[in-house]
Amino acid sequence: MLGLNKKDLQLMLIVTGLTMLAPFILNPFPESSGMAQFNAGYPDLMQRFVIFGIFAIGFNLLFGLTGYLSFGHAAFLGVGSYGAIWMMKLVSLNVIPAIFMGVIVAGIFSVAVGYICLRRSGIYFSILTLAFAQMSYALAYSVLTPITGGETGLQIKSTDRPIFSSLEEGETGRANLFGMDMRQSFELNIGDWLFTFNAGYYIAAIVMLIAFYVSIRIFRSPFGLMLRAIKSNQTRMSYTGLNPRPHTLAAFVISGMYAGLAGGLLVAMDTQVGPERMFWTASGEVVLMTILGGVGTLIGPVLGAGVIKYMENILSKINKDVLHEWFAFMPDGLEDFIVFLVYPFIGKGWHLTLGILFMLVVIFLPGGLVEGGQRIGKWIKNRGKAKDTGGSTEPAE
Amino acid sequence: MSKSNFTRRGLLKTSAVAGAGLALPTIFTAQSAHAFTNEPTGGTVTLGFNVPQTGPYADEGADELRAYQLAVEHLNGGGDGGMLNTFSSKALDGTGILGKKVEYVTGDTQTKSDAARASAKSMIEKDGAIMITGGSSSGVAVAVQALCQEAGVIFMAGLTHSNDTTGKDKKANGFRHFFNSYMSGAALAPVLANAYGNDRKAYHLTADYNWGYTTEEAVRASTEAMGWETVAAVKTPLTQTDFSSYIAPVLQSGADTLVLNHYGGNMVNSLTNAVQFGLRDKQVNGKDFQIVVPLYSRLMAKGAGANVKGIFGSTNWHWSLQDEGSKAFVKSFGTKYGFPPSQAAHTTYVQTLLYADAVQRAGSFAPCAVAEALEDYEFDGLGNGKTLYRGADHQCFKDVLVVKGKENPTSEFDLLEIVEVTPVEQVTYAPDHPQMGGPEATLGACNNGA
């Protein structure tokens, strides 16, 4: 169905189920319990999960398939965001044209950057893309202040009057989809649980599902195979008479457009852009997401994006007082000691926890979280069965 | 493949089911029961403290957080009460706000507007915060202020000095106690003219971002009005760490005063470079060469060490002030943490008290009621003398301190000395001043949210 084989269809259905039921899955703890701190089912974070999922899926199309490590992907995200917000400020508050504009602007920009950077490969390519991204950041931060708003960035102001809008005097425009406000949500109270279903989240989730589907199709297409060939041996490919550059450029542009799509969606959900969206740490983040989840796998980048965004938003908000509350049942001295031990890893120390997790994954699960999942799956399958003699057969690379 | 037959009956059935499905969600729209966003219903009220805990301003953020915790303690009746005892309004009685115990959540802005907004949103959407405060750069403050305006909660700005926060980008739900670039310029100029004369030639080095621009503009306008001449204004990249290539041309330009529109690490590095180049020992146009730093903070003074000695700048508040409010605050902060508070700590502590007091006086947590209580409110006893929260732009107007680096510091905190307290009349401007975005910049209408 849908041009997918059985396994891919299964994966697609699982992802669809997970994203559609996210408000339930991410809010497993009752509101009044101490564990409510770990609930992630509020609109903003759910939106970020899927949007950065798109960003990572796109990055993985380039890095996972061709092996070209772009270290400047945040530039496309940022450029897409700027394109989208200008569309909203000038033309229409509807999110669809804004998102399209984000994709187009990022696409054009990535053609230009890719045309230059793809002349080199390996570390030189990475450094070139990094240079471009930092250049865009610096431009947005200061030189292009009239267009980008500089450090303060761009927002929709009460003085903005898009062409296709019917705003009253002094009213500040809001992103909408044919009149439906992105921030609209309805809340479902079941016992002590509160589930929020947010319009913006579902729009972003549907876009992510489409992006995910397209990515599966690219992975399974002859074009995807060609990209894999570039990864395994580019020289051999050239000797067989195939020019790899158009393919890498196409992959680069597609990947850039995915980033632009994510940027446009970010603006659609939260109408604000700042230049730090293009900073090199943002480019590094998407690399981390992809590697953490599993390079070259379909679902890995989405998982990685989820883990990183979860840590950034949930772990960083646990402060000392919350810890003291948790361990209040212990005797005083022990409580202080435990808090002293745990404190460096939460709150402002969330970077440290993320770093440790990243190291563990890279060392023990080189295939990322997906490999971890596969291992667990295998272990469950083989449990109880006697060890078979042959072991698995690996296809030759 | 499945075969699908469209019949009239089938279509009717399906559309009826679909219609019911679409109508169902409206049953659950419980939000309309609240009069405004995050109306506190239980015995507690939650405030959101959104400060940088990582990144370049983490030190300031840590100090802000200390002050917030102290303020919450005092609001709930703990500690010695701090500035609650000296505050001119006696509405607060140490039983929380409107009888509700004050609780708080914290978040990390990372000094990035995206992260700051994400953190503020999680406070509003997940933790039910009724007020967001914090920020230690203008970009972040402007971004979070706009978010709070959209969401319908009050934003009490922390450390943000750029004119834009209450100028070009002002919002009806946002309030700032800290002073701004214009006030720095207006306060410094007369003191500089007194100390260095009216015929100086100034050379500006400006950090290449919004705060740098507004500061340069403000200082230029004020000093030129005193008769100074601006020889050149050069923009330096924010990430610059070595300023020697920018300092060398200063001497050739014939300027006799260098104005460093830099903050934080930038200022530490540029000032150190300037002193190492021997600028301060030079004689130009028959005058001693001088350096000026428009915005000072204790942490910067600490970073630049002995180089700050005798250099003029401005600051919002300093712990060595001898009024009752400042003394009470320094005492309770010092007792709790063991060292004196910074100006960032002071402004955030005061903002929290001012918010609580406004709620108490308004008798409601509704943002519009709180905003009304804060607008054109005059108070005293919070360390800056008589202060006005101007209704036209939600900016506090108070005396500004002109300071200079101390010649003989007695401790690592005793780095600045107060040269002059510029009276508030001298730093007041019209709400539609061109530096504040002119007449187009408006507050808009206040927003109660849901």
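In this predicted model, a good place to begin is chain A, where helix α4 (residues 74-90) and helix α6 (residues 122-143) pack at an angle of about 35°, their axes lying 8 Å apart. On the α4(A) side the residues that meet the partner helix are A:Ala74, A:Ala75, A:Gly78 and A:Val79, and they face A:Phe132, A:Ala133, A:Ser136 and A:Ala140 of α6(A). Sorted by class, the residues of this contact are six nonpolar and two polar, with no charged residue among them.

From this pair of helices we can turn to the largest nonpolar core, which has 229 residues, and in which A:Ile54, A:Phe55, A:Tyr258, A:Ala262 and A:Leu265 touch the most other members. Helix α3 (residues 43-66) of chain A supplies the largest share of this core, namely 15 residues. Because domain 1 (44-179 + 319-393) and domain 2 (182-315) of chain B both give residues to this core, it lies between them. To look at one member in more detail, A:Leu265 is in contact with A:Ile51, A:Ile54, A:Ile99, A:Ala204 and A:Val207, when its neighbours within four places in sequence are left aside.

The two domains of chain B deserve a closer look of their own. Their centres, taken over C-alpha atoms, are separated by 31 Å, and 13 residues of domain 1 of chain B are in contact with 14 residues of domain 2 of chain B. On the side of domain 1 that touches domain 2, the elements that give two or more residues are α2 (58-75) and α4 (138-151) of chain B, and that side of domain 1 is made up of three nonpolar, seven polar and three charged residues.

Key:
Residues numbered from 1 in each chain as written. Chains lettered and ligands numbered in written order. Predicted model: local features only at pLDDT ≥ 70, side-chain atom pairs only at ≥ 80, totals over all residues. Core = buried A, V, L, I, M, F, W, Y, C linked by C-beta atoms within 7 Å. Buried ≥ 20, exposed ≤ 12 C-beta atoms within 10 Å, placed from the backbone. Helix = DSSP H or I, 4+ residues; strand = E, 2+ residues; numbered from the N terminus. Domains from an automatic or database assignment. Contact = placed C-beta atoms within 7 Å. Axes fitted to C-alpha atoms, helices over the stretch in contact; angles between N-to-C directions. Nonpolar A, V, L, I, M, F, W, Y, C, P; charged D, E, K, R; others polar.
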